[in-house]
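Here are some notes for a colleague opening this structure for the first time. Please read them with the model on screen.

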Amino acid sequence: MNTYGLGDLAQTFLLQRRGAALKTEMTRLNEELASGQVSDVKSVLAGNVSYLSDIEGDLRTLSAYEVATTEAAQFAASAQTALERMDASASTLSTSLLTVSSSAVGPVLDQMSVDATGEFRTLVSALNTSTAGRSVFAGAASDQPALADADAILADLRAAISGNTSVADITNAVVAWFDDPAGFRSAAYTGSDTSIMPFQVAEDEQVSVNLTADQAVFRDLLKHTAVAAIAADDSLALSDEQHQELLVSAGTG
């Protein structure tokens, strides 16, 4: 049997060539490991680019969900900030109204109504919160404020309760205006009766932020604050006792 071998020189060249190939392969693998990407996509896919197209499609979908999730978080955070602002405002005012002294007279009572007017403006401002160009409490009508100007709302309310002189009649007239669709919802609420569309944050998952300024909880808050604000109106011609009674009733509410 014949045998063949390589000479020393040929063997040296073969080892050098193999060593160079190994170095090239190691360099390629290190680069792919560092970048997370293969250096020759075509050879890996063997000409079938459908896998790559599927991955790119999935990445685009995930990117869209990421944007929606970010928007939902920002929208919800703005709503939460507004709610905390309203809570602080209501807490401050109610404490002040409930601790009014029975000996308090005109100027002191009038100042409380002035303070209540300021808090009413704060509540309206909070309910008109917007984020990224969208109103938070206006429902589907997110391109506009949820409520009219605070002073305009109080002016409409004053016109609606004109002629009432007793504490009970004034309170009932205010309650009726805020609960009547032809009152608050018509003159003050400028948003939509339809909720804003949910945020699609995953294929089968949505996030809804269904808060509108005409919901009962917000109308009640505005209602009682408005009672305290208008209690000092000269047109009502209230005595100090009646004025005080309205303030305490508002604070309780």
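1. Ser192 has a relative accessibility of 17% and therefore counts as buried, since the cut-off is under 20%. In this predicted model, Ser192 sits in the loop between helix 7 (184–187) and strand 3. Leaving aside residues up to four places away in sequence, Ser192 touches Ala138, Gly139, Ala140, Ala141 and Thr212.

2. For orientation, the protein chain is made of 9 helices and 4 strands. Read from the N terminus, the order of elements is α-α-α-α-β-β-α-α-α-β-β-α-α. Of the 253 residues in the protein chain, 32% are buried. If one takes the contacts between residues at least 6 apart in sequence, 70% of them join residues at least 24 apart.

3. Strand 3 (residues 199–202) and strand 4 (residues 205–207) are an antiparallel pair with 3 bridges. The connection from strand 3 to strand 4 is a hairpin through 2 residues. Within this pairing, Gln200 is placed opposite Gln206 of strand 4.

4. Which residues does Ala72 touch, if those up to four places away in sequence are not counted? They are Phe199, Val201 and Val207. Phe199 and Val201 fall within the range of strand 3, residues 199–202, and Val207 is the last residue in the range of strand 4, residues 205–207. Ala72 itself belongs to helix 3 (residues 50–98). Its relative accessibility is 6%, so Ala72 counts as buried. The C-alpha atoms of Ala72 and Gln200 are 8.8 Å apart in space, while the two residues are 128 residues apart in sequence.

5. The next points concern pairs of packed helices. Such a pair is described by the angle between the two axes and the distance between them. Helix 8 (residues 216–230) and helix 9 (residues 240–252) pack at about 160°, and their axes are 8 Å apart. An angle over 145 degrees counts as roughly antiparallel, and helix 8 and helix 9 are therefore roughly antiparallel to each other. Their crossing is left-handed. On the side of helix 8 the contact involves His224, Val227 and Ala228, which meet Leu246, Leu247 and Ala250 in helix 9. Sorted by class, this contact of helix 8 with helix 9 holds 5 nonpolar residues, 1 polar residue and no charged residues.

6. Helix 8 also packs with helix 6 (residues 167–179), at an angle of about 145° and with the axes 10 Å apart. The crossing of helix 6 with helix 8 is right-handed. Helix 6 contributes Ile170, Val174, Val175, Phe178 and Asp179 to the contact, and helix 8 contributes Arg219, Leu222, Lys223, Ala226, Val227 and Ile230. By class, the contact of helix 6 with helix 8 has 8 nonpolar, no polar and 3 charged residues. Val227 of helix 8 is listed both in this contact and in the contact with helix 9.

7. How do helix 4 and helix 5 cross, and at roughly what angle? The axes of helix 4 (residues 106–127) and helix 5 (residues 150–161) come within 9 Å of each other and cross at roughly 120°. This crossing of helix 4 and helix 5 is right-handed. Thr117, Phe120, Arg121 and Val124 of helix 4 meet Ala150, Asp151, Ile153 and Leu154 of helix 5. The residues in the contact of helix 4 with helix 5 divide into 5 nonpolar, 1 polar and 2 charged.

8. Two alanines in loops deserve a check of their backbone. Ala132 has a positive phi of about 55°, although it is not a glycine. Ala132 is in the loop between strand 1 (130–131) and strand 2 (134–135). Is Ala132 buried or exposed? Its relative accessible area is 65%, so Ala132 is exposed.

9. Ala237 likewise is not a glycine and has a positive phi of about 55°. The position of Ala237 is in the loop between helix 8 and helix 9, the two helices of point 5. With 62% relative accessibility, Ala237 counts as exposed, because the cut-off is over 50%.

Note on methods
Residues are numbered from 1 along each chain as its sequence is written. This is a predicted model: local features need pLDDT of at least 70, side-chain atom pairs count only at pLDDT 80 or more; totals for chains, interfaces and linings use all residues. Side-chain values use heavy atoms; hydrogens and water are left out. Axes are lines fitted to C-alpha atoms, for helices over the stretch in contact, and angles run from 0 to 180 degrees between N-to-C directions. Angles under 35 degrees count as roughly parallel, over 145 as roughly antiparallel, 65 to 115 as roughly perpendicular and the rest as oblique. A crossing is left-handed if the near helix is turned anticlockwise from the far one by less than a right angle, and right-handed if clockwise. Contact means heavy atoms within 4.5 Å. Ala, Val, Leu, Ile, Met, Phe, Trp, Tyr, Cys and Pro count as nonpolar, Asp, Glu, Lys and Arg as charged, and the others, Gly among them, as polar. Buried means under 20% relative accessible area, exposed over 50%, partly exposed in between (1.4 Å probe, protein chains only). Two strands pair if DSSP finds at least two bridges between them.
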